[in-house]
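Here are my notes on the model you sent over. I've kept them to numbered points so you can check each one against the coordinates.

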Amino acid sequence: MDFNDTTEQAQFRKTCREWLEQNAEPKSSSSRESFSDIDFLEVAKQWQKKKYDAGWAMLHWPKEYGGIAASPIERIIWAEEESKFNVPRGIFEIGLGMCGPVMMEYATDEQKERFLPSMAEGTEIWCQLFSEPSAGSDVAGLRSKATQDGDNWIINGQKVWTSGAHFCDYGILVVRHDPNLEKHKGMTFFFVDMKSQGIEVKPIKQITGGSSFNEVYFTDVVIPDSQRLGAIGDGWKVAITTLMNERLAVGDANGADVKEAFNWAKKQDDSGEYLINNRATRESIADWYCEANGLKNTKLRTMSALSKGETPGPEASITKIVSANKLQDIGNFGIDSLDMAGMLKPENNEIQSFQNAWLGAPGLRIAGGTDEILKNIISERVLGLPQDPRADKGLPFKDIPSGN
Amino acid sequence: MNLDFSDDQKFLQSEARKFLEKEGSLNRSRKVLEDKQSIDKELWNKIVELGWTGIRIPEEYGGLGLGHLELCVVAEELGRYLAPVPFSSSVYLFTEAIIKYADEEVKQDILPRLISGDIIGTLAVTEDLFAPSKTNIKTLTDNNLLTGRKIAVPDAEIATHSLVVSNSTSGICLRLVDHSSDSVIIEHQDTIDESRGHFSVEYNNTPSILIGDDSNGWDFYENLLDQAAVLFSFEQIGGSQASLDMATSYAKERYAFGRQIGSFQAIKHKLADMYVAITLAKSNSYYAAWALSTDSSDLSVASATARVSSTKAFQLCSKENIQTHGGNGFTWEYDCHLYYKRSKLLSVNIGSLSNWKEKLVSGLEKSNTY
């Protein structure tokens with residue numbers, strides 16, 4: 001056991017670090033990146049372009065699409081180094097993490113040449129259009145309709161929870177082309193120009209007050225058949241490829257962590273004593289520390305496997321369940337630490353961080369697979385337990401009970 | 001980056017596993033429990049023959065001269081098969097204390113006989129029905145003569161020696177005692193898990209040898225626990241995994257309401273929670289194993305982190321394994337209770353969960369980096 005890079009890895013890390021030092025500011029002592037800049041999107045695009053020009057944007061991609069054909073371990077080393085700098089995040093992850101791999105696998109060479117470099121460069125941003133009002137955890141229950149019309153398809157229906165749809169240029173889309181077929185067999189996959197006529201994007205106001213998700217309405221939207229990804233009826237198979245990538249992309253919940261809770265408890269008053277001297281507080285901090293380090297060390301085990309050229313085990317599948325719940329608990333703790341003043345929103349970054357954690361965590365426990373769906377995945381794929389008997393099995397989609 | 005065991009260490013682990021499986025370690029544990037023996041002597045002798053008692057003992061004393069990592073992989077297997085042997089007392093605690101703190105003369109006398117099994121050691125700390133501390137040790141050493149009564153001492157009957165945490169005029173010290181003295185009285189104590197015997201040990205002006213210096217005994221003891229906690233964690237991981245494996249296979253075999261019970265989400269999610277707890281415990285224990293093997297300054301926090309995670313994992317897995325088995329899980333006949341009981345033994349043997357959480361947080365407070 002050791003935590004050292006190999007000579008090649010150390011050299012690669014140095015190259016990453018040197019470029020980052022020349023092109024970005026290191027993070028200050030506060031643990032998360034921050035931008036006072038008015039136009040976050042513009043800043044993010046500029047950073048993406050800078051990375052692209054130097055080959056860092058999608059470093060594991062082949063050279064012809066703007067990457068440097070980096071290995072999985074090099075990709076992790078880059079991410080580790082980049083995370084030490086104050087750079088914008090959160091705009092390109094879905095496009096690059098989910099849409100990119102699908103395009104790579106299913107698009108034609110001409111389409112790849114046309115779309116992948118601009119996706120990596122950040123000049124075109126992509127979103128994912130899967131969930132629907134009546135298809136959440138059961139995403140295969142989606143109902144948006146595709147009707148073939150010569151060389152085109154006509155799309156009607158509604159998507160929901162689409163991150164960034166209001167600023168995206170393209171999206172990947174799965175829709176139902178035949179409700180007479182069984183649920184999983186009647187779907188087809190496309191990519192779509194988000195500026196197409198008939199697409200309407202409406203932001204959803206979340207419990208945080210912010211709006212990072214949207215409803216997307218399709219009314220007689222025309223998509224050329226050439227933008228179909230995979231065969232007619234293979235929509236579910238293509239979607240699963242994407243969802244597997246999503247589960248890797250949606251990882252550790254970002255926000256107030258155990259270190260913040262610990263440092264806060266060391267200085268916060270609690271009935272005339274420091275909060276850290278409260279036994280319940282100490283137990284909670286111990287629990288969160290064990291979870292946080294358990295995830296960190298799990299990641300190191302995954303990296304160890306990649307570093308040796310092996311396929312990592314399923315251990316990383318626990319990440320989101322553990323981190324989103326921990327985030328919720330830590331947010332709760334921070335607010336409760338104010339006792340009766342816990343209702344207030346004072347001008348204090350630490351308190352705001354706890355409040356943001358508490359308000360944001362419920363969304364993280366749902367996005368990218370609910371806790372419950374993730375536990376189903378662990379028990380079925382890792383432990384090999386049988387699937388639930390299904391009431392929708394073998395039925396034509398149109399005959400499946402839907403409650404309305 | 002390599003947070004993993006080497007191929008050689010993995011090989012040792014798989015050999016250990018095959019050996020314990022072949023020897024029917026689990027059934028032996030049940031037999032010790034039912035017969036109220038102290039240990040399974042035959043299994044212990046075979047373990048001695050394999051050289052496991054000398055894994056960490058340097059070659060100059062006749063040991064294998066291997067590292068803590070080799071001990072970790074063996075510990076995981078002993079935990080998986082609930083081996084009814086005094087390994088944790090004699091190897092993780094007693095042997096480590098001799099290697100680390102004894103003077104050369106004692107090492108030459110004791111270490112070769114630990115390897116051969118002629119000496120089995122244990123650690124005697126607790127005196128009353130609460131946690132021992134620097135300020136409540138009443139056992140006293142005067143002129144190398146030790147007097148006091150220890151309770152809940154694991155494996156004391158089979159042990160030839162104990163390492164006793166004692167008070168003295170200069171402070172807390174560690175004393176080595178030979179049980180062959182008539183002044184040592186050992187009595188069996190009833191416990192909630194009879195698969196490993198626990199005893200009271202009374203010392204009456206018993207001759208003893210100082211191990212380490214005579215005033216820092218409590219620090220030595222704490223450091224011994226930090227080390228042993230990593231090895232206990234691996235035993236706990238082995239036990240947790242065995243509990244999850246039992247629950248998983250039962251959930252696939254058992255039918256209710258016309259379907260396998262493992263197809264119910266209530267069961268699935270329970271087992272997924274067990275998997276999550278084991279994964280956290282395992283990853284933290286791997287890190288602690290590294291800290292132990294390199295004597296890192298991070299050992300104290302790392303071992304407490306491993307210990308807390310592994311204790312939680314084994315407690316969860318062993319109790320939910322019973323729950324998954326329904327009424328069968330509550331019977332003496334099924335093995336579920338053996339794991340449930342061992343999980344409690346391992347969780348209190350070197351201090352309770354809440355005391356290890358306290359250790360973790362006070363460790364964080366001491367390290368200025370966090």
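1. A word on terms before we start: the domain bounds used here come from an automatic or database domain assignment. For chain B that assignment gives domain 1 as 7–89 + 109–116, domain 2 as 121–217 and domain 3 as 218–366. Note that domain 1 is written in two segments.

2. Keep in mind that this is a predicted model. On confidence, chain B has a mean pLDDT of 96, with 100% of its residues at 70 or more. The scores for the model are ipTM 0.96 and pTM 0.95.

3. Next, the overall build of chain B. Its secondary structure adds up to eleven helices and ten strands. The C-alpha trace spans about 75 × 50 × 40 Å along the principal axes. Does the radius of gyration agree or disagree with a compact globule? It agrees, because 370 residues in a compact globule would give a value near 21 Å and chain B has 20 Å.

4. Now the sheet in chain B that caught my eye. β2, β3, β7 and β6 line up in the order β2-β3-β7-β6, forming an open sheet with antiparallel pairing. At the edges sit β2 (140–142) and β6 (184–189), each paired on one side only. On average, neighbouring strands here are turned by 15 degrees against each other, direction ignored.

5. Looking at one edge of that sheet: β6(B) pairs with β7(B), residues 198–207, in the antiparallel sense, and six bridges connect them. If you want a spot to look at, V184(B) stands opposite Y203(B) in β7(B).

6. On how domains 2 and 3 of chain B meet: their centres, taken over C-alpha atoms, are 28 Å apart. The contact involves 13 residues of domain 2 and 13 residues of domain 3. On the domain 2 side, six of the residues are nonpolar, four are polar and three are charged.

7. Last, the chain–chain contact. Chain B and chain A each put 38 residues into it. Which elements of chain B supply at least two residues each? They are α7 (217–253), β10 (259–260), α8 (265–293), α9 (299–324) and α11 (353–366). The largest share of the chain B side comes from α8(B), with 16 residues. By class, the chain B side divides into 18 nonpolar, 14 polar and six charged residues.

Terms used
Residues are numbered from 1 along each chain as its sequence is written. Chains are lettered from A and ligands numbered from 1 in the order in which they are written. This is a predicted model: local features need pLDDT of at least 70, side-chain atom pairs count only at pLDDT 80 or more; totals for chains, interfaces and linings use all residues. Two strands pair if DSSP finds at least two bridges between them. Helices (H or I, at least four residues) and strands (E, at least two) are DSSP runs, numbered from the N terminus. Axes are lines fitted to C-alpha atoms, for helices over the stretch in contact, and angles run from 0 to 180 degrees between N-to-C directions. Two residues are in contact if their C-beta atoms, placed from the backbone, lie within 7 Å. Ala, Val, Leu, Ile, Met, Phe, Trp, Tyr, Cys and Pro count as nonpolar, Asp, Glu, Lys and Arg as charged, and the others, Gly among them, as polar. pLDDT is the predictor's confidence in each residue, from 0 to 100. The radius of gyration is taken over C-alpha atoms; the globule rule is 2.2 Å times the number of residues to the power 0.38.
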